[in-house]
Amino acid sequence: MELYKENQLKIYNSLSKTKEAFKPVHDGHIGMYVCGPTVYSNAHLGNVRTFMFFDVAFRYFLHLGYKVRYVRNITDAGHLENDADEGEDRIAKRARLEEIEPMEVVQRYTVDFHDVLKKYNFLPPSIEPTATGHIVEQIEMIKEIIDKGLGYEINGSVYFDVVAYNKNNHYGILSGRKIEDAIHNTRTLDGQSDKKNPQDFALWKKAGEQHIMRWPSPWSDGFPGWHLECSVMSSKYLGSQFDIHGGGMDLKFPHHECEIAQSRTCSGHDPVNYWMHTNMLLLNGQKMAKSTGNFILPDEILTGDNKVLSKAFSASVVRFFNMQANYRSILDFSSDALEASEKGYLKLMDALSSLANLSTQNSSSINISEWKQKCYAAMNDDFNTPVLISHLFEGVKFINQIKEDKASITAEDLVIFATTMNAFVFDVLGLLNDVKEQSSDKIDGVVALLIKLRKEARENKEWELSDQIRDELLAIGIQLKDGREGTTYSMS
Ligand code: AMP
Ligand code: ZN
C-alpha cells in the first residue's frame, strides 16, 4: 500500500493562515508549482534555502508514493527592477552593463543555477518552463482578461484593472494588504506611469527603442508583465485549479496576489488549493538579497572563499543547516552556525555508517515502530524538519546504545530501523554521505593496517605500543572504536 494512504499530511496554507489537512485534487497525484529564479545573476544562498525546502517537500511526496508533477519556471523576461512596473528589465539591464545579449545573460545564469542545484543534490523538477517559451500563451491570457473587462490598453501597454477586479473579488486576500493602502503606498509614483490606478499592474509593456527583448502583439512590440508567466505556465501544465503553489514570503505581494487576480479573472475560481511560503535567510540580521549586496554564494561555501566564512563547508552541511530550522521561521546565516551544523551532520553520518553492522538479539529493548511513527508524524506536521532531525538523533542514541550493549534490537527491527533512517536522511532530506567520499580508500587501507598492527601488539601484550597507535591516531582526528565485530574508526 502506498505510504500516503496511511500518512495524513497537514500543510500550513498561507491563504487561510492555518494548517489544513492535505487533500489533492486527484487522489494519489500532486501538482506543485514553485516560482523559479530570475536568471539575471547568480542564485544566492537565500534563493537556495527556498528551493531546497521545496526540494525536500517534493522528495517527501515521492517517498510517500505520490505521483508528482513539479513545475518550477525560469524567469527569463519581464521582471522589472521594482515591483511597481517601473524601471528596466533586470535581464536587459545586465546585458547592457556587460555589453552582451540578454539571452547570453539568461544562458549564463541558467547554467549557473543548474550547476548549483547539482552540487547541492537537488532533484530536477518535472517541467522547467521559461517565460520566453510561452509568449503566445501569455498574449492569449491578456486577450481573455481584456475580454472580461479587467484589462485595458494605454499607449501600447496593457494593465490589469485592480480597482475594477476588487469590486467583485478580494485583491489582498493572500497578503492581507488593503487596496486603499496600496493606493497610498504607490501615490508617489503618480505621473511616472500611464496606469489608470497606481496599484494596477502590467500585463504587457510596450518596449522602448533600445529594448531587444520584444515580441509582436496586438498592442505593441513589447514583452509580458512578470506576474503573467506564472499564471499561464501553472494552468498550462497543472490545470486551472491545482494543489500547491510555493515561493519565498517576499513573493506573496505583489507577485502571488497578482497571479490570483489574473487566474480568477480567467477561470472564475481560485487557482491554488495550498499556498506555501518559505521565510527568509538572513545575513548580518538583514534579508539575504542580491540588490543590497548582502549575500553569500553557494559556491563560496564550498570553497570557503568569503570573509564571513571560517572555512569551506560541504553542500550537505548547508542542507542540514537549512533543515534544522522550520521553513516558516527566519534563519540567520553565520559561519558559527554552519560549524555547529557540521558537528551534528558528522555525528549523524558516523552513526549511520555502523547501522548496517549492528549485532542483533532475540528481543528489542527499543520501540522502533513508535520511533518510526514519530519521524513520519514530524514530516506530516507541515514538513517539520527540525523535529524530524531531533528524532533522527534519538536514532543515533539507539545506535550507540546498541553498540555499547546498553540496548538490544532484533534482526527484524533492525531492518525497519535502518530503512527508516536511510530513507529520511538520504531520500527525504537529500543529504549525501560526504564523509565517506572524503576518507579515501587509501586512508581506509592505512588505518586498517594500523588496526592490524595494534591488534598484534595487544596479543603480544605490548600495551605501550598499542596505546601509542590509538592515541596518535586520535591526535590527528582518527578515533578507533573497539566493538564486538572488531575495531572500526571514525574521522572528525
Ligand atoms: P528571485 O530569483 O529573486 O525571483 O528569487 C527566487 C526565489 O528565492 C523566490 O522564491 C524568493 O522568494 C526566494 N528568496 C529570495 N531571497 C531569499 C532569502 N533571503 N531567503 C529565502 N528565500 C529567498
Ligand atoms: Zn511566479
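Here is a walk through this predicted model, from its two ligands to the salt bridges that link its parts.

Let's start with ligand 1. Its shell is made up of 17 residues, and the closest of them are Thr-50, Gly-248, Asp-250, Leu-281 and Met-288. Sorted by class, that shell holds six nonpolar, nine polar and two charged residues. Where do they come from? Helix 1 (45-63) and strand 9 (242-248) each put in at least two residues, and helix 1 gives the most, with four.

Now look at the backbone around this ligand. At Gly-248, a backbone N or O atom sits 3.0 Å from an oxygen atom of ligand 1. Leu-281 also uses a backbone N or O atom, this one 2.8 Å from a nitrogen atom of the ligand. Met-288 joins in as well, with a polar backbone atom 2.8 Å from a nitrogen atom of ligand 1. How much of ligand 1 does the protein bury? On its own the ligand would expose 490 Å², and the protein buries 92% of that.

Next comes the zinc ion, which is ligand 2. Three residues coordinate the metal, namely Cys-35 through SG, Cys-230 through SG and His-255 through NE2, at 2.0 to 2.2 Å. If you like to read such sites as a motif, the spacing of the donors in sequence is C-x194-C-x24-H. Cys-35 belongs to the loop between strand 3 (29-34) and helix 1, while His-255 is part of helix 8 (residues 252-267), so this pair ties together parts that are 220 residues apart in sequence. Both Cys-35 and His-255 are buried.

Helix 10 (residues 315-323) deserves a look of its own. Nine of its nine residues are buried, so the helix is largely enclosed by the rest of the structure. The buried residues include Val-317, Val-318, Phe-320 and Phe-321, but also Arg-319. What does Arg-319 pair with? Its side chain meets that of Asp-55 in a salt bridge, 2.7 Å from N to O. That pair links distant parts of the chain, with Arg-319 in helix 10 and Asp-55 in helix 1, 264 residues apart. Arg-319 is buried at a relative accessible area of 1%, and Asp-55 is buried with a value of 1% too. Arg-59 is also involved, in a network of salt bridges that links Asp-55, Arg-59 and Arg-319.

That pairing is one of 24 salt bridges found in the whole structure. As background, side chains of opposite charge can pair when their charged atoms come close. Take Glu-98 and Arg-108, whose side chains meet at 2.5 Å, N to O. Glu-98 is in helix 2 (residues 90-98) and Arg-108 in helix 3 (residues 102-119), ten residues apart. Here the partners are partly exposed, Glu-98 at 28% relative accessibility and Arg-108 at 39%.

The last pair takes us back to ligand 1. Asp-250, one of the closest residues to that ligand, forms a salt bridge with Lys-287, with the closest N and O atoms 2.8 Å apart. Lys-287 lies in strand 12 (residues 286-287) and Asp-250 in the loop between strand 9 and helix 8, so the two tie together parts that are 37 residues apart in sequence. Lys-287 is partly exposed, with a relative accessible area of 36%, and Asp-250 is partly exposed at 38%.

Technical notes:
Residues numbered from 1 in each chain as written. Chains lettered and ligands numbered in written order. Predicted model: local features only at pLDDT ≥ 70, side-chain atom pairs only at ≥ 80, totals over all residues. Heavy atoms only, no water. Near = heavy atom within 4 Å. Polar contact = N/O pair within 3.5 Å; in protein donor to acceptor, adjacent residues only side chain to side chain. Areas by Shrake-Rupley, 256 points an atom, 1.4 Å probe, with all protein chains shown as cover. Nonpolar A, V, L, I, M, F, W, Y, C, P; charged D, E, K, R; others polar. Donors = N, O, S within 2.8 Å, 3.2 Å for Na, K, Ca; no water. Buried < 20%, exposed > 50% of the residue type's maximum accessible area, 1.4 Å probe, protein only. Salt bridge = Lys/Arg side-chain N within 4 Å of Asp/Glu carboxyl O.
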